[in-house]
Each structure stands twice: as structure tokens, then as C-alpha cells.
Amino acid sequence: MKAPEVAYACPSTLDEALTLLSRHGDEARPLAGGQSLVTALNMRLAAPALLVDLNRIPDLAGITRRDGVVRVGAMTRHRDLGASDLVRDHLPLVAAAVPHIAHPAIRNRGTLGGSVALGDPAAELPACCLALGATMVLRGQGGERRVPADAFFLGLYATAIAPAEILVAIEFPLPEPGAVWGFQELARRHGDYALAGLAATARRRERGLDAVRLVFFGVGDRPVLARGASAALAGAGIRAAQAALDADIDPPDDVAVKGRTRRHLARVLLGRVAGGMLEGAP
Amino acid sequence: MEREHAVAFTLNGERVACRPAARTHLGDLLRAEFGLTGVHLGCEHGVCGACTILVDGRATRSCLMLAVQANGTVVETIEGLTERGAVADLQDAFHVRNALQCGYCTPGMLVTAAELLAEEAAPGREAIRAAIGGNYCRCTGYHAIVDAIAAVAEGRAAREGGGA
């Protein structure tokens with residue numbers, strides 16, 4: 001299908017983009033990598049009056065390390081995220097997740113900020129942000145505000161981004177000593193959205209793990225921090241965590257698979273990922 | 001707000017200018033305005049990969065980029081890559097190995113393979129499969145395509161090795 005009529009603006013500064021969004025309200029949509037939004041336009045699932053293209057605004061892309069965080073500009077493309085030395089060295093969870101995102105041509109254009117702002121419940125990077133305790137940096141005409149990942153994903157395609165705000169960067173804390181991580185997903189074909197996936201972080205102690213954050217994706221209306229299973233994994237081990245997981249997630253039935261299948265797959269992933277973290281080798 | 005925008009970019013080595021509507025995706029512009037019908041539109045939502053082109057040297061779904069966003073970029077389609085011989089060995093290998101039947105997916109396969117081999121001199125079969133995972137072929141079953149790409153990787157390595 002073809003996209004509906006739409007107006008287009010290509011601002012060269014963030015202030016200009018914020019002014020346009022503020023002036024046009026709900027009728028305007030920021031356009032990041034476009035790998036979901038242009039799809040939605042072509043399928044006429046979205047019909048904004050105005051697209052505000054963020055691709056030509058300098059300083060929205062790039063990866064820097066400062067003050068104990070790795071700051072990733074929202075318009076950083078998946079490909080560049082996956083190829084970054086800073087990401088490989090300090091955010092290996094993110095580096096491991098990137099190859100699972102769709103396919104090379106999509107990764108060439110899709111952006112971290114676009115994925116996080118869309119909030120697709122089956123996407124890899126929102127789950128990584130939540131597992132790593134990232135902070136979302138939002139800019140509006142009134143200034144900047146910072147929202148922790150724990151308070152950012154509010155529901156199906158719903159986030160804490162207010163109208164006329166733009167997600168400008170995501171800050172990931174540098175890992176603490178002893179930090180371990182794991183990432184796995186199950187999909188019918190490589191590049192498909194996951195039937196179930198798990199992004200996990202923890203700290204390795206002499207015996208076992210603590211500070212466990214097991215974040216599942218593809219099993220609910222948003223990335224889900226499995227609090228019960230995370231606590232059980234720290235205190236009592238893998239089997240207890242798998243048992244506790246049942247109360248943490250409640251995947252619905254859909255056209256792909258039954259909810260109980262996703263629940264089973266999530267338990268399988270928990271076993272594999274937790275096993276890897278306990279051995280210290282993700 | 002304007003619904004049409006003046007756009008100028010480099011297309012297969014030549015400077016071009018036009019005025020597409022904002023709603024027009026780049027694949028439609030390349031086919032309708034410039035007659036580049038090697039840009040095959042399959043699904044028009046980013047899934048099938050048939051419309052893959054190079055934008056600033058990177059494989060890109062032309063159905064998922066607006067034509068107005070091409071402003072200032074360097075765009076290459078299968079026609080341009082063919083003319084400058086960039087995919088000649090891949091085309092030969094696809095022919096020899098019978099790596100196409102209807103041929104609808106072939107331009108996208110070739111562009112994707114070209115990018116893969118530019119980045120990774122000796123990809124294994126798994127890496128080749130992962131790279132073309134976003135390009136649907138409904139005829140061949142992929143084995144012949146993987147064979148062809150693997151043969152080109154070996155051929156290029158042998159030529160470079162032989163010349164060293």
C-alpha cells in the first residue's frame with residue numbers, strides 16, 4: 001500500500017523540531033529511522049498530518065563516555081551501536097542484542113531512540129535499557145527531564161514521553177565490578193520478532209548472584225522486569241526463579257502462539273541465561 | 001506545511017533533482033521518476049527485501065525511506081551497481097548456480113550480498129544466511145543463493161591472494 005498524504009519538515013536544530021511538535025500537537029510525529037513508522041504509514045496504520053524528520057539534526061547521534069555513563073544519542077543507528085568499541089567494552093549486553101534486531105538493511109537505518117520511543121513490547125533494545133537501568137533523556141520546550149527506564153515503559157506502545165517532547169539520548173551506567181549479563185531470544189526465524197526474549201544483568205558474588213534484573217520481552221504489553229524471579233534467582237537459584245516467574249508474567253494468546261507457550265519459552269530462557277551468568281560466562 | 005519538496009541527490013553516479021510528494025517512498029520515486037525498475041517492490045513494509053538499494057553505501061529498504069529523505073545522499077540501485085561492474089561476479093555466480101528462478105528477489109539479494117562481502121571477506125554459510133535472512137525468495141529455497149555468495153567470497157579471496 002501507499003502512505004497517505006502527509007506534510008514533511010526537516011529541521012536542522014532540535015529547537016526547531018520542538019517548536020514544530022509543539023505547534024502541531026498530536027497531528028505531528030517525529031520521524032527517526034523510519035523502520036517502523038514508514039511501515040505504519042505505508043500500511044495506513046498511522047496517518048499523521050506532519051512528519052518532523054530528526055535525521056538532519058546534528059548531535060542527536062553518537063556514543064560518548066562521561067561521568068560514569070555511556071551516553072548514546074537517540075539517532076544512533078543500530079548498526080553503529082553494534083559496531084561501537086565503547087558499547088562492546090562497557091555495554092556487552094547491548095552489543096549482543098543488536099544482531100538480533102531484524103536484518104542488516106533495517107539495522108543500517110533504525111535507531112536506538114526510535115526503538116525505545118516506539119516501545120514495541122517484543123523489541124530487544126527497550127528490554128536492554130530496562131535491564132541495564134538506563135536513563136532516558138527527554139527534551140521539551142520547557143527544558144530537559146530524565147526518566148529512569150523503570151518508569152518509562154507504560155504499556156503497549158506507550159512511554160513516558162510527553163506530547164511535544166523528544167527522546168534525545170539514553171544514558172547507560174557503566175557496569176560495576178563483578179557485573180555479568182545474558183541475552184537470548186527465541187524466534188521462528190532469525191530477525192523475526194521474538195516469541196520470547198530475555199535481557200538480564202546481575203552481579204556475581206562468591207556464591208551465586210545478586211542485583212539480578214531479568215527483563216523479558218515479547219511476553220506482555222511492554223518489557224517486563226520479572227521481580228519475583230529476579231529475587232528468587234539471587235536468593236534460591238534457577239529452579240526457584242523459574243517457579244517464581246509464573247507470577248511475574250502473563251503472556252496473552254495471540255495469532256503466533258498460545259500464552260502458555262510463551263510462558264514455557266520464558267522459563268527455558270531463564271534457565272539458559274541464568275546458567276550462563278552463574279558460570280560468569282554470558 | 002509543504003507536501004512536496006525539492007530534492008537533489010546522486011543517483012547511480014549522476015546528479016539528479018526532482019520534487020516528490022512527502023508521502024512517496026524512495027522506491028516509488030526511483031521506479032516512476034527515473035525508470036529504475038530493477039528496484040522491485042514486494043511488500044512495501046520492509047519485510048521482503050526486494051527493494052533493497054544502497055544509500056550512502058549502506059543497504060537500505062527503499063520502501064522504508066521517504067523520497068524526500070534522499071536529499072543530499074548517494075543512491076545506488078542494481079542498475080548502477082551492474083553498470084560499474086560492482087556485482088558482476090555475483091551475477092555470474094547466481095547464473096551459474098541457478099540461484100534464481102522468477103528473479104523477483106534477485107536485485108535485493110545482490111545488493112545485500114554486495115554489502116556483506118564488502119564488510120566481511122570470508123563469511124561462513126551461517127553469516128551469509130543471517131545476512132540474507134531479510135530477503136525473501138519464494139522459489140529457490142535459498143541453498144543455491146548461499147552457494148553463489150559463498151563461491152564469490154572464495155573467488156574474491158583467491159584472486160586477492162593470488163595477486164599478493
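These legends walk you through several close-up views of the structure above. The model is predicted, so local features need pLDDT of at least 70 and side-chain atom pairs count only at pLDDT 80 or more, while totals for chains, interfaces and linings use all residues. Residues are numbered from 1 along each chain as its sequence is written, and chains are lettered from A, with ligands numbered from 1, in the order in which they are written.

**View 1. Chain B as a whole.** Let us start with the overall build: chain B has six helices and five strands. Helices (H or I, at least four residues) and strands (E, at least two) are DSSP runs, numbered from the N terminus. Read from the N terminus, the order is β-β-α-β-β-β-α-α-α-α-α. The C-alpha trace of chain B spans about 55 × 35 × 25 Å along its principal axes. Its radius of gyration is 16 Å, which agrees with the value near 15 Å for a compact globule of 164 residues. That radius is taken over C-alpha atoms, and the globule rule is 2.2 Å times the number of residues to the power 0.38. Of the 164 residues in chain B, 48% are buried. Buried means that 20 or more other C-beta atoms, placed from the backbone, lie within 10 Å of the residue's own.

**View 2. Where the two domains of chain B meet.** The domain assignment gives domain 1 (7-81) and domain 2 (87-160) of chain B; such bounds come from an automatic or database domain assignment. Taken over C-alpha atoms, the domain centres are 21 Å apart. Here 14 residues of domain 1 are in contact with 13 residues of domain 2, where contact means that the C-beta atoms of two residues, placed from the backbone, lie within 7 Å. On the domain 1 side, strand S3 (52-55) and helix H2 (78-83) of chain B are the elements that give two or more residues. S3(B) gives the most, with three residues. By class, this side has nine nonpolar, five polar and no charged residues. Ala, Val, Leu, Ile, Met, Phe, Trp, Tyr, Cys and Pro count as nonpolar, Asp, Glu, Lys and Arg as charged, and the others, Gly among them, as polar.

**View 3. Chain B against chain A.** This contact takes 28 residues from chain B and 29 residues from chain A. On the chain B side, the elements giving two or more residues are strand S4 (58-61), helix H4 (106-119) and helix H5 (125-131). S4(B) has the largest share, four residues. The chain B side divides into ten nonpolar, eleven polar and seven charged residues.

**View 4. Around Cys105(B).** Look for Cys105(B) in the loop between helix H3 (88-96) and H4 of chain B. Cys105(B) counts as buried because it has 27 C-beta neighbours inside 10 Å. Leaving aside neighbours within four places in sequence, Cys105(B) is in contact with Ala50(B), Asn135(B), Tyr136(B) and Cys137(B). Arg125(B) is 20 residues from Cys105(B) along the chain, and their C-alpha atoms are separated by 19 Å.

**View 5. Helix H8 of chain A.** Helix H8 (residues 124-131) of chain A is mostly covered, with eight of its eight residues buried. Among them are Glu124(A), Pro126(A), Cys128(A) and Cys129(A). After H8(A) comes Gly133(A), whose phi is positive, near 65 degrees.

Definitions and conventions
A residue is buried if 20 or more other C-beta atoms lie within 10 Å of its own, exposed if 12 or fewer, and partly exposed in between; C-beta atoms are placed from the backbone.
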